[in-house]
Number of protein chains: 2
Amino acid sequence: MAKTSARQGTAPRNYPKGERRRAQIIEAAFTAFGQVGYRNASMVQLAAACDVSRAGLLHHFPTKESLLEAVLEERERQDDAHFFGSGAVNRDGLEYFASMIRLVAHNQANPLIVSLFAVLSGEATAADHPARPYFVARYERTRRQMQLAVDDLVRRDLLRPHVDASGLAADLIAFIDGLQIQWLLSPDAIDMPDHLRKLLRGLISVELP
Amino acid sequence: MAKTSARQGTAPRNYPKGERRRAQIIEAAFTAFGQVGYRNASMVQLAAACDVSRAGLLHHFPTKESLLEAVLEERERQDDAHFFGSGAVNRDGLEYFASMIRLVAHNQANPLIVSLFAVLSGEATAADHPARPYFVARYERTRRQMQLAVDDLVRRDLLRPHVDASGLAADLIAFIDGLQIQWLLSPDAIDMPDHLRKLLRGLISVELP
DNA sequence: CCTACCGATCGGTAGG
DNA sequence: CCTACCGATCGGTAGG
């Protein structure tokens with residue numbers, strides 16, 4: 001499963017038209033999966049939305065699952081770009097959580113991003129769902145990374161008394177995920193970055209950078 | 001929409017065979033909706049699972065939506081039974097959250113209950129989903145009720161310093177919802193009532209009853 | 001990328 | 001006019 005490059009799959013390098021089509025299809029699938037989920041999204045409607053025949057769509061993505069994989073990689077790339085681009089060195093817990101607030105604010109400005117994971121992660125809890133292994137691995141990795149940031153705050157004695165640092169990473173991830181559901185259902189009642197900021201102020205004894 | 005009785009829909013009173021069939025169908029749909037979601041569940045498979053013809057199924061639930069409605073009512077009834085049965089008077093914040101921990105423990109022993117809402121709430125964020133109005137209303141109501149419990153703790157000065165009580169209800173609901181996703185994906189890595197207990201200990205300055 | 005197809009399954013409705 | 005179903009089939013659409 002090792003990938004040496006961001007590009008993968010059926011698209012060769014330097015066919016600009018094919019690359020653009022590919023990107024267009026991924027974007028349309030990103031939207032569709034986020035709106036109705038993976039299983040309920042239809043390849044026929046996706047092809048129509050991209051002004052391509054079904055056979056044309058299948059040229060770029062021979063199966064629906066290959067398209068799902070590409071969409072998840074695209075989403076992963078966006079998260080990475082945000083984190084690495086913002087100078088959030090993993091070792092600094094304060095920088096990590098400041099970056100997290102910015103990411104949540106960025107996502108709130110882009111409902112499609114929020115929708116994709118809220119819908120897919122629920123759907124992918126099914127035992128036979130093709131995205132289940134991806135989400136299991138992603139949550140394990142995210143918990144491990146965020147717990148490093150938490151542990152850094154513990155070491156520097158920046159957590160408030162009575163805050164239990166064990167499992168705090170899972171708690172914060174859960175909080176953000178759950179908030180997305182409430183925001184998608186009642187966007188006017190919930191301000192996600194505001195909730196996260198307030199919650200973190202109750203956990204961390206200094207102001208975030 | 002006022003319901004004077006728990007019984008509703010097409011089933012009249014005192015047809016024991018019909019009532020049993022109805023309950024069996026609701027249970028099967030409860031499972032199916034929780035496993036693959038509403039849209040992806042099929043009336044044909046549901047009928048087969050209940051050893052009933054499709055026409056027989058449609059006699060009890062003339063549309064798929066009517067079955068969804070019955071399933072959501074059944075789930076609501078289970079929650080209510082838990083809360084009222086445990087003597088959790090809404091006005092007492094400590095009792096409320098103690099009851100909440102028991103509910104989460106009960107749900108963790110019954111994955112189907114967890115699955116149903118985790119899958120449906122994600123699916124129902126879609127603009128045209130038949131369960132969207134239900135979930136919007138349910139979250140609004142739950143936030144309001146839980147905030148009453150939070151406000152009671154504020155009045156009695158039982159929240160730790162630096163805890164922001166405004167919007168805390170939404171935060172706790174989000175936390176529980178998000179934890180369910182992680183638990184469904186990695187049941188061995190997450191213990192939901194344990195996480196909730198530890199989190200509440202960081203918020204509330206006295207031990208829960 | 002196209003046309004021309006496949007086996008199957010969808011939710012809902014008919015008369016009896 | 002009731003309940004509790006039955007076998008058959010409608011027009012459309014699914015992924016490949």
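## Two protein chains and DNA strand D

The count of disulfides over all chains is zero in this predicted model. A disulfide would need a pair of cysteine sulfur atoms within 2.5 Å. Where does Cys50(A) sit, buried or exposed? Cys50(A) counts as buried, because its relative accessibility is 3% and buried means under 20%. Cys50(B) is buried too, at 3% relative accessibility.

**The two copies**

Chain A can be laid on chain B with an RMSD of 0.1 Å. The operation is a turn of 180° with a shift of 0.0 Å along the axis. The two copies are therefore related as by a two-fold rotation axis. The same surface serves both copies. Of the contact residues of chain A, 100% recur in chain B.

**The surface near DNA strand D**

DNA strand D is surrounded by 16 residues. The closest are Ser42(A), Met43(A), Arg54(A), Ser53(B) and Ala55(B). By class, this surface has six nonpolar, six polar and four charged residues.

What do the protein chains meet on the strand? Of the atoms of DNA strand D within 4 Å of the protein, 47% belong to sugar or phosphate. The rest belong to bases.

Three polar contacts to phosphate oxygens of DNA strand D are listed here.

| Residue | Protein atom | Distance to a phosphate oxygen of DNA strand D |
|---|---|---|
| Ser42(A) | polar side-chain atom | 3.0 Å |
| Met43(A) | backbone N or O atom | 3.0 Å |
| Lys64(A) | polar backbone atom | 3.2 Å |

Which elements give two or more residues to the surface near DNA strand D? From chain A comes helix 2 (43-49). Chain B supplies helix 1 (16-36) and helix 3 (54-60).

Technical notes. Residues are numbered from 1 along each chain as its sequence is written. Chains are lettered from A and ligands numbered from 1 in the order in which they are written. This is a predicted model: local features need pLDDT of at least 70, side-chain atom pairs count only at pLDDT 80 or more; totals for chains, interfaces and linings use all residues. Side-chain values use heavy atoms; hydrogens and water are left out. Copies are superposed by least squares on the C-alpha atoms of residues with pLDDT of at least 70 in both. Contact means heavy atoms within 4.5 Å. Buried means under 20% relative accessible area, exposed over 50%, partly exposed in between (1.4 Å probe, protein chains only). A residue is near a molecule or strand if one of its heavy atoms lies within 4 Å of it. A polar contact is a pair of N or O atoms within 3.5 Å; within protein, one must be able to donate a hydrogen and the other to accept it, and residues adjacent in sequence count only if both atoms are side-chain atoms. Helices (H or I, at least four residues) and strands (E, at least two) are DSSP runs, numbered from the N terminus. Ala, Val, Leu, Ile, Met, Phe, Trp, Tyr, Cys and Pro count as nonpolar, Asp, Glu, Lys and Arg as charged, and the others, Gly among them, as polar.
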